Amino acid sequence: MIDKLFFNFTRFSAFLILVIVAWIFVVLFNHSLEAMHAFGLDFITQDQWAPNLNKFGAYAAILGSVLSTTLAMILAVPVAIGVAIFLSEIAHDKIKSFFGISVELLAAIPSVIYGMWGLFYFVPIIRDVFGGMGIGLLAAGIVLAIMILPFMAAVTRDAMNTTPDILKESAYALGGTQWDVIKDVIIPYAKAGIIGSLILALGRAIGETMAVTFVMGNVHKVPTSILSPMTSIPVTLANEFTEADSSLYFSSLFGLALTLLVMSFIVIAIAKFYFLRKTRRA
Amino acid sequence: MTAVQKRIIMNRIALGFSTLSAIIALAFLFWILAVLVMKGVNALNWNIFIFEGAPPGYAESGLKHALVGQLILVGLATGIGVPLGILAGTYLSEYGKNSKLAHTIRDISDIMMSSPSIVIGAFVYAIIVMPMGHFSAWAGAIALAIIMIPIILRTTDDMLQLVPQTLREAAFALGAPKYKVILSVVYRGAKAGILTGVLLGIARVAGETAPLLFTSFNDNFFTTDLNEAMPSLTVTMFNYAISPYEDWQQLGWAAAFILSLFILGLNIVGRLILFAGKRK
């Protein structure tokens with residue numbers, strides 16, 4: 001009796017997660033129907049976002065998400081790979097565990113704090129060096145890059161650490177330098193894992209709200225330069241959700257949320273299923 | 001230059017680049033930490049724990065409302081998320097095992113773990129805030145719980161699988177029913193691991209801002225009413241930081257410092273528990 005009850009409890013909880021995910025999609029879809037009917041495909045191809053005219057085109061926000069994450073990836077990937085190589089191959093054991101733990105702890109710091117730091121300390125530097133307002137694409141890209149760096153470095157290092165020592169030792173025995181071993185043994189061996197980790201970090205960056213809300217500017221315009229203030233999907237949601245006054249406005253915001261969810265679901269699923277299949281980790 | 005020399009030089013360049021990037025990364029991150037600690041320590045004083053929010057310029061303003069609100073929100077989320085997460089993880093490890101269904105649930109919850117938290121805020125807004133007609137602490141806690149469940153689920157699943165099969169068989173041989181085996185043998189064996197998972201899960205949701213923006217919203221005053229908007233450290237921090245008032249910004253940094261200490265503390269304790277468990 002109790003046995004059956006316990007089993008059903010656990011089964012119910014496990015199914016709940018599937019139900020919640022499906023429910024999220026259904027709810028977001030239902031609420032964005034009005035905007036879909038009103039705008040159709042224009043919703044993602046038009047860049048005019050004008051609540052006063054009841055016209056909502058999400059192109060600028062979608063582009064903003066894509067551009068800011070791309071910039072963040074360009075900045076963060078080389079550094080993250082460098083850090084991962086340093087942590088897995090170069091550093092001595094003591095430095096390794098010190099660096100390793102601090103990187104993991106930094107990954108735990110709430111992203112809103114990265115955003116605050118960006119606003120108060122980094123934006124003024126950009127303003128002084130490049131002119132303009134300081135807030136915008138460049139600031140968002142850099143803050144985002146710094147925010148995902150610890151996570152990205154940690155997972156990339158884990159992927160590199162899966163290389164069996166015996167393979168590395170064989171390469172050293174053939175007279176390879178450390179760099180030879182890294183580029184000809186470790187990187188080829190862990191390639192899928194490394195790419196998967198990078199894409200996983202990309203998936204996190206797309207949905208990141210708080211680190212960029214401060215420094216983006218929330219301006220619904222297609223940016224003309226890297227210094228232009230702009231917006232992204234999560235930034236728009238964070239800034240406008242509690243201000244929406246018409247049902248079409250709300251519906252458009254739900255449409256944005258759905259777009260974001262689909263984008264990040266696809267990215268994360270690619271990372272998980274295509275690249276990380278073999279290296280299943282916790 | 002011989003080929004060997006070339007390779008040696010190449011080696012130096014590559015390793016130099018890698019070390020340099022580690023230094024750059026750490027420099028930025030320590031810069032942030034230094035700012036956080038200096039600003040935070042500067043802004044800390046007893047008033048913060050005694051007074052609630054006040055208009056800018058008021059000397060007697062503090063963060064009591066946000067501290068208590070944060071504890072309530074995270075506490076409620078833990079109360080909802082931890083049991084569900086542990087039970088679901090138990091199903092995967094003890095009943096579902098390698099079935100197709102169990103793998104699907106694992107994959108979906110992995111994806112959930114990395115999906116945008118602001119979308120979960122929008123979802124909870126649609127199912128709870130809209131029908132109720134107002135923001136509430138319940139909505140915020142449920143949003144946090146949804147983020148927490150996949151984390152707890154995965155660590156529980158992993159940790160239960162580490163418990164040796166022979167222990168279970170021994171208990172079965174004594175005639176124990178399955179639920180008893182799970183409750184008094186498997187859970188006991190995986191205690192440290194599950195506890196670590198719970199602590200890391202709490203640490204993760206404690207830093208979330210985005211899902212609270214339009215669920216528990218914010219309030220500048222002390223409240224314990226779960227049916228009303230409830231202040232949290234993260235949203236308060238956000239609002240104070242974008243305000244033009246210097247004293248509010250100061251309070252924002254104090255909130256950031258307190259929250260970071262709390263989260264780092266949970267992370268360190270969680271790791272220590274796991275470490276102590278492994279050494280035994």
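In this predicted model, B:F217 counts as buried because 22 C-beta neighbours lie inside 10 Å of it, where 20 or more are needed for a residue to be called buried. The residue sits in the loop between α9 (191–206) and α10 (233–242) of chain B, and its backbone has a positive phi of about 55° although B:F217 is not a glycine. Most residues other than glycine have a negative phi.

A second residue with this backbone feature is found in chain A, where A:N54, again not a glycine, has a positive phi of about 60°. A:N54 belongs to the loop between β1 and β2 (55–56) of chain A. Is A:N54 buried or exposed? With 11 C-beta neighbours inside 10 Å, A:N54 counts as exposed, since a residue with 12 or fewer such neighbours is placed in that class.

From this loop the reader can step back along the sequence to A:W49, which is part of strand β1 (residues 49–50) of chain A. A:W49 has 22 C-beta neighbours inside 10 Å and therefore counts as buried. Once its neighbours within four places in sequence are left aside, A:W49 is in contact with A:F56, A:G57, A:A60 and A:H220. A:Y249, although 200 residues from A:W49 in sequence, has its C-alpha atom 9.8 Å from that of A:W49. At the start of the chain, A:M1 lies in the segment before α1 of chain A and counts as exposed because it has 7 C-beta neighbours inside 10 Å. Between A:M1 and A:E104, which are 103 residues apart along the chain, the C-alpha atoms are separated by 45 Å.

These residues can now be placed within chain A as a whole, which has 11 helices and 2 strands, following the pattern α-α-β-β-α-α-α-α-α-α-α-α-α when read along the sequence. Taken along the principal axes, the C-alpha atoms of chain A fill a box of roughly 70 × 70 × 30 Å. Of the 282 residues in chain A, 51% are buried. When contacts in chain A between residues at least 6 apart in sequence are considered, 74% of them join residues at least 24 apart.

The buried nonpolar residues lead on to the largest nonpolar core, which has 184 residues, with A:V143, A:I148 and A:A257 touching the most other members. Which element gives the most to this core? The answer is helix α6 (residues 137–160) of chain A, which supplies 19 residues. The core also draws on chain B, taking at least three residues from each of domain 1 (3–43) and domain 2 (50–279) of that chain. As for the surroundings of A:V143, its contacts beyond the neighbours within four places in sequence are A:Y114, A:G115, A:G118, A:F122, A:A211, A:V212 and A:V215.

Helix α6 also takes part in a packed pair of helices in chain A. Two packed helices are described by the angle between their axes and the distance between the axes. The axes of helix α3 (residues 59–90) of chain A and α6(A) come within 6 Å and cross at roughly 35°, and the crossing is right-handed. The contact of α3(A) with α6(A) is made up of 21 nonpolar, 5 polar and 1 charged residues. In chain B, helix α3 (residues 64–96) and helix α6 (residues 137–161) have axes that come within 6 Å and cross at roughly 35°, and the crossing of α3(B) and α6(B) is right-handed. Here the contact has 21 nonpolar, 8 polar and 2 charged residues.

Chain B is divided into domain 1 (3–43) and domain 2 (50–279), whose centres, taken over C-alpha atoms, are separated by 33 Å. The contact between them takes 6 residues from domain 1 of chain B and 7 residues from domain 2 of chain B. On the domain 1 side, these residues divide into 4 nonpolar, 1 polar and 1 charged.

The last step is the contact between the two chains, to which chain A gives 68 residues and chain B gives 70 residues. On the side of chain A that touches chain B, the largest share, 18 residues, comes from helix α1 (residues 2–39) of chain A. By class, this side of chain A has 52 nonpolar, 11 polar and 5 charged residues.

How values were computed:
Residues are numbered from 1 along each chain as its sequence is written. Chains are lettered from A and ligands numbered from 1 in the order in which they are written. This is a predicted model: local features need pLDDT of at least 70, side-chain atom pairs count only at pLDDT 80 or more; totals for chains, interfaces and linings use all residues. Helices (H or I, at least four residues) and strands (E, at least two) are DSSP runs, numbered from the N terminus. Ala, Val, Leu, Ile, Met, Phe, Trp, Tyr, Cys and Pro count as nonpolar, Asp, Glu, Lys and Arg as charged, and the others, Gly among them, as polar. Domain bounds come from an automatic or database domain assignment. A nonpolar core is a set of buried Ala, Val, Leu, Ile, Met, Phe, Trp, Tyr and Cys residues joined through C-beta atoms within 7 Å. Axes are lines fitted to C-alpha atoms, for helices over the stretch in contact, and angles run from 0 to 180 degrees between N-to-C directions. A crossing is left-handed if the near helix is turned anticlockwise from the far one by less than a right angle, and right-handed if clockwise.
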